[in-house]
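Me: I would like a close look at a single part of this protein, namely the salt bridges in one of its helices, with enough of the surroundings to place them. Please take it step by step and keep the reasoning visible.

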Amino acid sequence: MGSPGEYGCSVEELRTLMEYRGAEAREKIDADYNGIEGLCKKLKTDPANGLPQDNDELDRRRAVFGANEIPPHPPKSFLQLVWEALQDVTLIILLVSAIVSLALSFYSPPDDGTGAVDPSEHEAGWIEGVAILISVVVVVLVTALNDYTKERQFRGLQAKIETEHKFAVIRAGNQIQIVVNELVVGDIAQIKYGDLLPADGVLVQSNDLKIDESSLTGESDLIRKSPEYDPMLLSGTHVMEGSGKMLVTAVGVNSQTGIIMTLLGAAKTAVEEERKAAKREERRSRRKSKTSGDVVAASGVEDGTAQALLTDHVKADGLTEGSNGGVSAGEESKDEAEGKKERSVLQAKLTRLAIQIGYAGSFVAGCTVLILVVRFSISRYVIDEKAFSLADFQHFINFLIIGVTVLVVAVPEGLPLAVTLSLAYSVKKMMVDNNLVRHLDACETMGNATSICSDKTGTLTTNRMTVVQSYINEVHYKDTPKFETLHKETRDLMLNLISINSSYASQVIPAKPGGQLTQLGNKTECALLGFVLALGQSYQNIRDKNPEESIFKVYTFNSVRKSMSTVIELKESQRGGYRVFSKGASEIILKKCKWFMGKDGALTKFTQKDQERLVSNVIEPMASDGLRTICLAYKDYVPGGTARENEVAYAGEIDWDNEDAIVNDLTAVAIVGIQDPVRPEVPEAIAKCQRAGITVRMVTGDNINTARSIATSCGILRPGEDFIALEGKDFNARIRNEKGEVSQEKLDLIWPKLRVLARAQPTDKYTLVKGIIDSRITDNREVVAVTGDGTNDGPALKKADVGFAMGIAGTDVAKEASDIILTDDNFTSIVKAVMWGRNVYDSIAKFLQFQLTVNVVAVVVAFVGACAIQDTPLKAVQMLWVNLIMDTLASLALATELPTEELLKRKPYGRTSPLISRTMSKNILGHAFYQLLILFALIFAGERFFEIESGRWAPLHSPPSEHFTIVFNTFVMMTLFNEINARKIHGERNIFHGLFSNPIYYVIWISTMVAQVFIVQFGGRWFSTAALNLEQWLWCLAFGVGVLLWGQIVTTIPTSGLPKNMTIGGGDVTSTENILSGEYADPETHERRSGQILWIRGLTRLQTQLRVVKAFRSTLDEFEEKRSIASTQSCNSMRAAAGWSYLSLATTSAPRAAGSSSPDATRTRAALAALMQRASAPQPYPYYHHQQPRTPSPNLSIHNTAGTNADSSLPVVTENGRGSSTVGVTMISELNSPSPVICHDKVEKVPLVQRWSPSSGSSYSQRIGKSISLDTPLSIAHV
């Protein structure tokens, strides 16, 4: 393998080099390496041809400079997941009760003279305890196994997303696309508009390159880069304009992204250490306070969960508002909620429902235990007047076990599991349907979509563009003209114009016999290059004569210009001078033209009238054929002397930055019509959407006629219907008020009928999407999906409920902002996503309908049993078995149903529709009524019907009775048959339809049935069952089958007659995030109602299941962080010289952090905290809004800087990405001070350091909420 000395510079040198910015960087490169060429020589690479295609050489470079990947967090082991599953409070109570019950079973009470103790009964007493223990183990293993398989699935998904991110490099003179992980130091990479840079590098050549560095520096203005002024490019930043070539100088953990990720990892370790130490310290202080009787002091310290970030200092000064330094829990979660997309509609509703059920279940369980204890105590000690003996403990333990079992059955911990299973299953299957899901909940949200705003190019059309018509020298050609027939000067100009004035990365590779041309790069440019090939000429020969390095200046295409212009020097002509080539949307370029090349190449004046004639005779007919029209034009600059009428004479310097003057007074050469045919499958897909109640809108940059023509052929616009198509300008004029602000009322008048928005700016797309989402004029509020491929689509993709990015044509920036990537760029894949989304929603609804029926029945039976017969007819182990069937197995069976076309025949649910519809409520209550009727009849009269002994009032540890075995068996049979009923939730009669289409479902159903037979016949004391005879079995089965017949009766009841309030989970979703994360803040006191929260968290296993969902999301998030360090939020100017030196110091010292007291851990933490403090307020789309000039605030001392929170303006003057050294000083003051910097001015600021630096007495977990949960990977965005 390679040795570091083999290349002219080491990893450290290159890392140091990448810390320079702007002119300093240029000077450093010139001084140390003799310019960029010298640096290329030292790295043994050729700026024109790149590295050789030699695997050994590439491996050598990886060995010396590292590979371009940031090592992921190791996955949790199976044992860790088991340990986490065991953290559930209900399970812990059960375990403890079982162990106590087991211990008591070995204690034989002294004979009290009654002589009623059965020795065999006593011997069997231990079995129940062991059975409960085994049940708990099974539940834990099943939970852990689910988590484990899902985590593995998502690692696979992550790997798939990673391989999706490709980058263009030049190797051995050829441009090739490679996966970003394969980049090595020394590669020459081609960068273009829309790329997300995967490594650090130095610019070799650039055209009008502008970079958005806000993700790293917080500087929201675009930064112009060029080899002369600022050649440094950093990983994780976005190319917003232009193109260029860069030499890769740092990859993986040595790149700027990698350095920060490593630092975060080190800080996280330090935080963990600190947290453990703080907990130990807190326990000690509690013990001390108990012994000394100083209870008041202890309550002042209080449990960590009840303590907000507002620490004692802040409260002392009476600063309870969340705006200064310490952000109160409520405020922070509100900011967080605004900063990120709302939680998935379904998850929010489910969480709320599960918590409500948890409350009810806990109440019933508590009552059950209370009633049992009171009854037993009264009958035993008051009526029978017996003395208390140790043996009575067994009764109390038994009551506790019954209570906890009721709770286990009542709490639907299967709900989040069902969501997760269903989503995980769907995501896996959706990859086959060309939907790469990046955010889990997007899949389910898609099922509710009521509106899709789609791009035209590539999504509705094939994105294989060809020139089919042209207008040259006043002749309109309907097909490709013969090259010989064209005027010589015109054709030469046209060939040069097309070949030079296009990105050199755009290429057309000639087809093999019988195949199609391969288009690489921008498809519009490929169409023009294809036109050159169709004329029988070679664009490559022209490019070879005018290499990219020789181009004088480029005005690259962007959504504002809608054109591209290139300036070259005319070296070959005697006169010299410059030629400007320009191409773009015909109506835009023609407005800038003063001349036209007429018949036989004659130069003619081009007036306003000529322009109107050309539009009506040429451009509109082309557009109404669905063609995009592109105009080609040029202009010559000649030095001094005589100039022709269409040339511009110049003396002295030309102001090339004055673009309006340069690209004006042009001479038009030709107009071409480019066809992008509609994909053949799209009209049918759009018709499916319309049948499914989804409105499809087209948002495009093309002109209105082209857009209207394509929309009609797709079926978006239908003749005779009252829909409108608007241009961006008209749209804005209609929706804005006098002040120029968007008015929701005006927008509400337009969007319901709007079907086509043409000549749309990215901001128009964002405005439309936001307007539809915020609108409240429809009953169920709209859920909007958006497709996008360009960098500027980012805001709309982020705002939409579901953002689809194009996998082939999409830029990295669009993919980052999206929720789902369409790997085939095809609209039909969106329809598949809708189907899968609806399927997820229905799967969850099926499971809910099934689970809630069982919950209601089991809880009522247990409760009534406890009240009436001082025992529960369903024993603890039996309840756990039912719980296992209905929670784990049923959720697996019902969550894996495959979608059918039937799903597209109903209207979408929308945002505010209820989770449990009236039909479902009717089914739940109807079936619960039937089951309770049967069960109570069996409990209170079953022994007479079957002529067997009664199982009621049996003493403790008596052998299992046939009576209660029949009750248990009947309950399970009814539950199993109800699982078949639950497959239909819209009142369908045929419940068997599609029963055998899902093997997972029927395999689980049959296995459960077989297991039940074994449990009843051979369960004995383990399951508290007695073997049943054939007649009894047939009766149990008959009651089960009765569920199916009763289901038909319930279906007959008309839903419309039921009261409206029978729906559950409707209305707008309020976030339940705070309840689950324990961050619920009381608005009066800003303190969390910790006891209550802990209680809920303990009662439900929701936390465990949601953790899984979070883990998926975080694995995906973690991967995203690697690719772009939180592109929507910023860490303001992290590169102040002093700051970075301390960060690197912290990075090196981090591994030595052994304990919380070690200075290294503290220093790492402090360095990172200081780095975080400089995070400017999030500015997701800086370049769309008016920029506020950033000025240092004069009245802040350095100490105050340390304390300002993220929203205050920081005294950091950013100049091209360099921070002033004020912050460096801050960090030094923080690092040197032993405790957090607190300055007692009038307005006290609490430094962020406090998040990681607990005071000696308080618990560490003061305020690690969702923003910095230690279970999830930390991203700069979170902090």
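Reply: A residue is called buried here when its relative accessible area is under 20%, exposed when that value is over 50%, and partly exposed in between. The model is a predicted one, and the part to look at is helix H4, which spans residues 55-65.

Begin with Glu57, whose relative accessibility is 11%, and which therefore counts as buried, since that value is under 20%. Glu57 forms a salt bridge with Arg60, and the closest N and O atoms of the two are 2.8 Å apart. Because Glu57 and Arg60 stand three residues apart in helix H4, about one helical turn separates them. Arg60, at a relative accessible area of 25%, is partly exposed, whereas its partner Glu57 is buried.

Glu57 also meets the side chain of Arg61 in a salt bridge, with an N to O distance of 2.8 Å. This second pair likewise lies within helix H4, where Arg61 and Glu57 are four residues apart, or about one turn of the helix. Arg61 is buried, as is Glu57. Taken together, Glu57, Arg60 and Arg61 are linked in a network of salt bridges.

A salt bridge of another kind of placement helps to set this network in context. Asp702 forms a salt bridge with Arg628, the closest N and O atoms being 3.0 Å apart. Asp702 sits in the loop between strand E22 (695-699) and helix H25 (704-714), while Arg628 belongs to strand E19 (residues 627-639), so this pair ties together parts that are 74 residues apart in sequence. Asp702 is buried, with a relative accessible area of 7%. Over the whole structure, a search finds 33 salt bridges.

The wider setting is a protein with 44 helices and 27 strands, in which buried residues make up 57% of the 1279 residues. Among contacts between residues at least 6 apart in sequence, 76% join residues at least 24 apart. The accessible surface comes to about 51100 Å², and 57% of this belongs to carbon and sulfur atoms.

On that surface, charge also gathers away from helix H4: Lys276, Lys279, Arg280 and Arg283 form a patch of positive charge. Lys279, one of these residues, is placed in helix H10 (residues 256-292), and with 37% relative accessibility Lys279 counts as partly exposed. A nonpolar patch is made by Phe106, Trp126, Ile134, Val138 and Trp1022, which together have about 480 Å² of accessible area. Helix H8 (residues 125-164) gives the most to this nonpolar patch, with three residues. Val138 lies in helix H8 and is partly exposed, at a relative accessible area of 34%.

Two loop residues deserve a check of their backbone angles. Most residues other than glycine have a negative phi. Ala172, though not a glycine, has a positive phi of about 55°; it lies in the loop between strand E1 (166-171) and strand E2 (174-179), and its relative accessibility of 45% makes it partly exposed. Asp665 is likewise a residue other than glycine with a positive phi, near 50°, and its place is the loop between helix H23 (659-662) and strand E21 (666-675). Asp665 is partly exposed, with a relative accessible area of 36%.

How values were computed. Residues are numbered from 1 along each chain as its sequence is written. This is a predicted model: local features need pLDDT of at least 70, side-chain atom pairs count only at pLDDT 80 or more; totals for chains, interfaces and linings use all residues. Side-chain values use heavy atoms; hydrogens and water are left out. Patches are made of residues with over 30% relative accessible area and no salt bridge: like charges are joined within 9 Å, nonpolar side chains (Val, Leu, Ile, Met, Phe, Trp, Tyr) within 5 Å. Accessible areas come from the Shrake-Rupley method with a 1.4 Å probe; for residues, only the protein chains shown count as cover. A salt bridge is a side-chain nitrogen of Lys or Arg within 4 Å of a carboxyl oxygen of Asp or Glu. Lys and Arg count as positive and Asp and Glu as negative; His and the chain ends are not counted. The place of a charge is taken as NZ of Lys, CZ of Arg, CG of Asp or CD of Glu. Helices (H or I, at least four residues) and strands (E, at least two) are DSSP runs, numbered from the N terminus. Buried means under 20% relative accessible area, exposed over 50%, partly exposed in between (1.4 Å probe, protein chains only). Contact means heavy atoms within 4.5 Å.
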